[in-house]
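Me: Please take me through the structure below with care, since I would like to understand what lies behind the words used to describe it.

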Amino acid sequence: MRFIDKETNPDLLSPLNLAFIGDGVYEMFVRESIVLSANRPVKDLHRESVKYVSAKAQTEAYFKIKELLTEKEEAVFKRGRNAKVGHNPKSATQSEYHIATGVEALFGYLYLKGEEERLRELFSIIKI
């Protein structure tokens, strides 16, 4: 499901633009999973979601799905991973931060391509 009814070609977007939208997509999957698992105070929801949207957690997520990625998905991931982010992460290693950026780029790409089923499939493997 797209929120804006406007066509785009994600192949033409920079990997950091893909990661920007993918960060939101990934977080939405995490938040929805947490909310649907139990009715809790918002403070608890936030604390729980932070565990899954960190660079370290997204790096772990990548290693769960990496063998299942298509050649194109792997290429998108690598574009995101290799992008020059322009700053140093505070709570993750440089490597973890780059892998997380790759995961976000992949999720952004699939979202903009309208690949909802594939997004669900990959996220179900990550299993938060």
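Reply: We can begin with the surroundings of one residue: Thr101 touches Leu16, Ala19, Gly80 and Val85, leaving aside residues up to four places away in sequence. Please keep in mind that this is a predicted model.

Me: Where is Thr101 placed, and why does Thr101 count as buried?

Reply: Thr101 sits in helix α5, which covers residues 94-113. Buried means under 20% relative accessible area, and Thr101 has 5% relative accessibility, so Thr101 counts as buried.

Me: What makes the pair of Thr101 and Tyr97 a polar contact?

Reply: A polar atom of the Thr101 side chain lies 2.9 Å from the backbone oxygen of Tyr97, and because the cut-off for such a pair is 3.5 Å, the distance falls within it.

Me: Why is Met1 called exposed?

Reply: Met1, found in the segment before α1 (15-37), has 52% relative accessibility, and since exposed means over 50%, Met1 counts as exposed. Together with Phe3 and Ile4, Met1 forms a nonpolar patch on the surface, with about 380 Å² of accessible area together.

Me: Why, then, is Thr70 called partly exposed?

Reply: Thr70, in the loop between α3 and α4, has 39% relative accessibility, which lies between the limits of 20% and 50%, and therefore Thr70 counts as partly exposed.

Me: Which helices do the buried residues of α3 pack against?

Reply: The buried residues of helix α3 (residues 55-65), among them Gln58, Tyr62 and Ile65, pack against α1, α4 (71-81), α5 and α6 (116-126).

How values were computed. Residues are numbered from 1 along each chain as its sequence is written. This is a predicted model: local features need pLDDT of at least 70, side-chain atom pairs count only at pLDDT 80 or more; totals for chains, interfaces and linings use all residues. Side-chain values use heavy atoms; hydrogens and water are left out. Helices (H or I, at least four residues) and strands (E, at least two) are DSSP runs, numbered from the N terminus. Buried means under 20% relative accessible area, exposed over 50%, partly exposed in between (1.4 Å probe, protein chains only). A polar contact is a pair of N or O atoms within 3.5 Å; within protein, one must be able to donate a hydrogen and the other to accept it, and residues adjacent in sequence count only if both atoms are side-chain atoms. Contact means heavy atoms within 4.5 Å. Patches are made of residues with over 30% relative accessible area and no salt bridge: like charges are joined within 9 Å, nonpolar side chains (Val, Leu, Ile, Met, Phe, Trp, Tyr) within 5 Å. Accessible areas come from the Shrake-Rupley method with a 1.4 Å probe; for residues, only the protein chains shown count as cover. A salt bridge is a side-chain nitrogen of Lys or Arg within 4 Å of a carboxyl oxygen of Asp or Glu.
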